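Subject: Structure handover

Hello,

Here is the structure you asked about, with its sequence. My notes on what was found follow below it.

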Amino acid sequence: MSLIKCKECGAEISEQAESCPRCGIKGAGRRSRTWIDSLNVVSGTLTAVVGTLVIPVAGATLAWVTFNYKKQSEENEKLQAMVESAVGQDPAKELTAVRVVSCLAKLDKLPGSFALSVLGAVVRKSKDPTLRREAYDAIENLTLEPRSVEKLDAYDKVEIFCLQAALTPCQYFRLQNLGYIEKYATDPVLGHEVAAKLLTLSEEISDPQTKIDLLLTVFRRYGDPDMMERAIPILYSAVKERDSSQSDSNEDVLSFLKQVAQRNKDDRSQIRLYLALALVTNDQHSREDYLGKFALVGTGKDTRDEAKRVVESIARTAKDDPVLIRILDSAAKNLDGEIQKAADITER
């Protein structure tokens with residue numbers, strides 16, 4: 001039986017004492033549960049479920065990192081990397097991390113932004129669908145805690161909706177979360193950040209339809225030409241994976257891209273949109289039409305070199321895909337042909 005100090009007079013008494021024998025205050029021996037106690041309860045419960053070795057290591061690592069984060073917030077990036085390293089290998093360790101972080105965030109003992117970074121790391125690295133679901137629920141719980149949400153800045157709120165959009169298996173709720181992003185991504189800098197997050201997530205998730213939804217949002221909402229260029233090969237692969245027989249018209253994706261092309265008249269964006277359309281369609285006649293439009297826009301003095309570079313950039317991702325290589329070769333030939341025609345007209 002251990003001794004503790006009375007919280008009123010400081011006398012040493014049994015931790016099980018109902019009252020202090022010196023000052024008479026009741027409950028003097030009852031310790032209130034600290035966040036460390038809560039952590040131990042969570043870790044102890046999980047230890048009984050999934051083993052005695054991995055769980056204490058994960059719990060202790062996260063407790064230590066959390067403590068240091070509170071003391072040295074300027075070391076956030078180093079600590080985040082440390083957490084990602086601690087939770088990125090063993091599934092049991094990852095599961096513990098998700099539950100412990102969720103618990104501490106609910107107790108308001110862990111900054112919401114830091115909890116979100118840990119959950120996001122698990123989400124992005126884990127290949128286990130059960131664990132991804134647990135992380136999704138934990139992230140969703142953050143949004144249900146008003147105090148937690150109020151403390152998050154716009155970047156963290158956007159991070160939550162990006163992760164929710166990437167994780168939910170239901171397309172309706174996925175699109176709903178993508179729509180919520182617009183409420184917070186109100187400036188160009190944050191819009192660029194959103195596009196980068198969606199691109200990264202689309203590279204790491206496995207479901208092709210989810211990839212398509214995230215990437216089309218990049219094209220429509222955050223139409224930065226450089227982001228579009230990064231999105232094109234991922235979109236091509238996702239569409240191909242969704243329709244491995246290449247018998248689908250992919251009309252949903254084509255209609256979306258055509259609407260964006262009608263609204264976004266910037267030449268740099270246009271060459272990327274027409275090239276994306278040519279890659280997505282399975283109709284040869286439509287493909288030739290899109291490649292022709294790509295070449296016409298690409299012959300401009302300000303876009304000529306860039307159009308060539310875009311084709312070359314995407315070609316580097318082609319690897320051993322003969323269809324993609326053939327389409328890009330056609331794009332390059334069409335572009336050279338239109339450039340030559342423009343040069344002939346100029347000479348006359």
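**The aromatic pair**

Phe-173 is partly exposed, with a relative accessible area of 41%. Please keep in mind that this is a predicted model. Tyr-172 is exposed, at a relative accessible area of 55%. There are 2 aromatic pairs in the model. In one of them, the ring centres of Tyr-172 and Phe-173 are 5.2 Å apart and the planes stand at 75°, so this pair is edge-to-face.

**Salt bridges**

Side chains of opposite charge can pair when their charged atoms come close. The count here is 12 salt bridges, and three of the pairs are described below.

Asp-213 and Arg-174 form a salt bridge, with 2.5 Å from N to O. This pair joins distant parts of the chain: Asp-213 belongs to helix 11 (residues 208–221) and Arg-174 to helix 9 (residues 171–184), 39 residues apart. Are the two partners buried or exposed? Asp-213 has 7% relative accessibility and therefore counts as buried, the cut-off being under 20%. Arg-174 is buried as well, with a relative accessible area of 2%.

Lys-240 makes a salt bridge with Asp-321, and their closest N and O atoms are 2.9 Å apart. Distant parts of the chain are linked here too: Lys-240 is in helix 12 (residues 225–242), while Asp-321 is in the loop between helix 16 (304–315) and helix 17 (322–347), 81 residues apart. Lys-240 counts as partly exposed at 32% relative accessibility, whereas Asp-321 counts as buried at 11%.

Lys-293 and Asp-289 form a salt bridge within helix 15. Their closest N and O atoms are 3.6 Å apart. The two residues are 4 residues apart in sequence, about one turn of the helix. Lys-293 is partly exposed at 34% relative accessibility, and Asp-289 is partly exposed with a relative accessible area of 37%.

There is also a network of salt bridges, which links Asp-226, Glu-229, Arg-268, Arg-272, Glu-306 and Arg-309.

**Helix 15**

Helix 15 covers residues 284–298, which makes 15 residues. From first C-alpha to last, helix 15 reaches 21 Å, close to the 21 Å expected at 1.5 Å a residue. Which of its residues are buried? They are Arg-287, Tyr-290, Leu-291, Phe-294, Ala-295, Val-297 and Gly-298. These residues lie on the same side of helix 15, because they cover an arc of only 165° around the axis. The face turned away from that buried side carries the exposed residues His-285 and Leu-296.

**The nonpolar cores**

In soluble globular proteins, nonpolar side chains tend to be buried together. In this model the largest nonpolar core has 80 residues. The members that touch the most other members are Ile-181, Phe-219, Leu-235, Leu-257, Leu-275 and Phe-294.

Phe-294 is also one of the buried residues of helix 15. Which residues is Phe-294 in contact with, leaving aside its neighbours within four places in sequence? They are Ile-271, Tyr-274, Leu-275, Ala-307, Val-311, Ala-331 and Leu-335. A second, separate core has 5 residues, among them Ile-4, Cys-6, Ala-11 and Cys-20.

Regards

Methods: Residues are numbered from 1 along each chain as its sequence is written. This is a predicted model: local features need pLDDT of at least 70, side-chain atom pairs count only at pLDDT 80 or more; totals for chains, interfaces and linings use all residues. Side-chain values use heavy atoms; hydrogens and water are left out. The expected span of a helix is 1.5 Å times one less than its number of residues. Buried means under 20% relative accessible area, exposed over 50%, partly exposed in between (1.4 Å probe, protein chains only). The arc is that of the directions from the helix axis to the C-beta atoms. A salt bridge is a side-chain nitrogen of Lys or Arg within 4 Å of a carboxyl oxygen of Asp or Glu. Rings of Phe, Tyr and Trp (its six-membered ring) pair if their centres lie within 6.5 Å; planes under 30 degrees apart count as stacked, over 60 as edge-to-face and the rest as tilted. A nonpolar core is a set of buried Ala, Val, Leu, Ile, Met, Phe, Trp, Tyr and Cys residues joined through side-chain atoms within 4.5 Å. Contact means heavy atoms within 4.5 Å.
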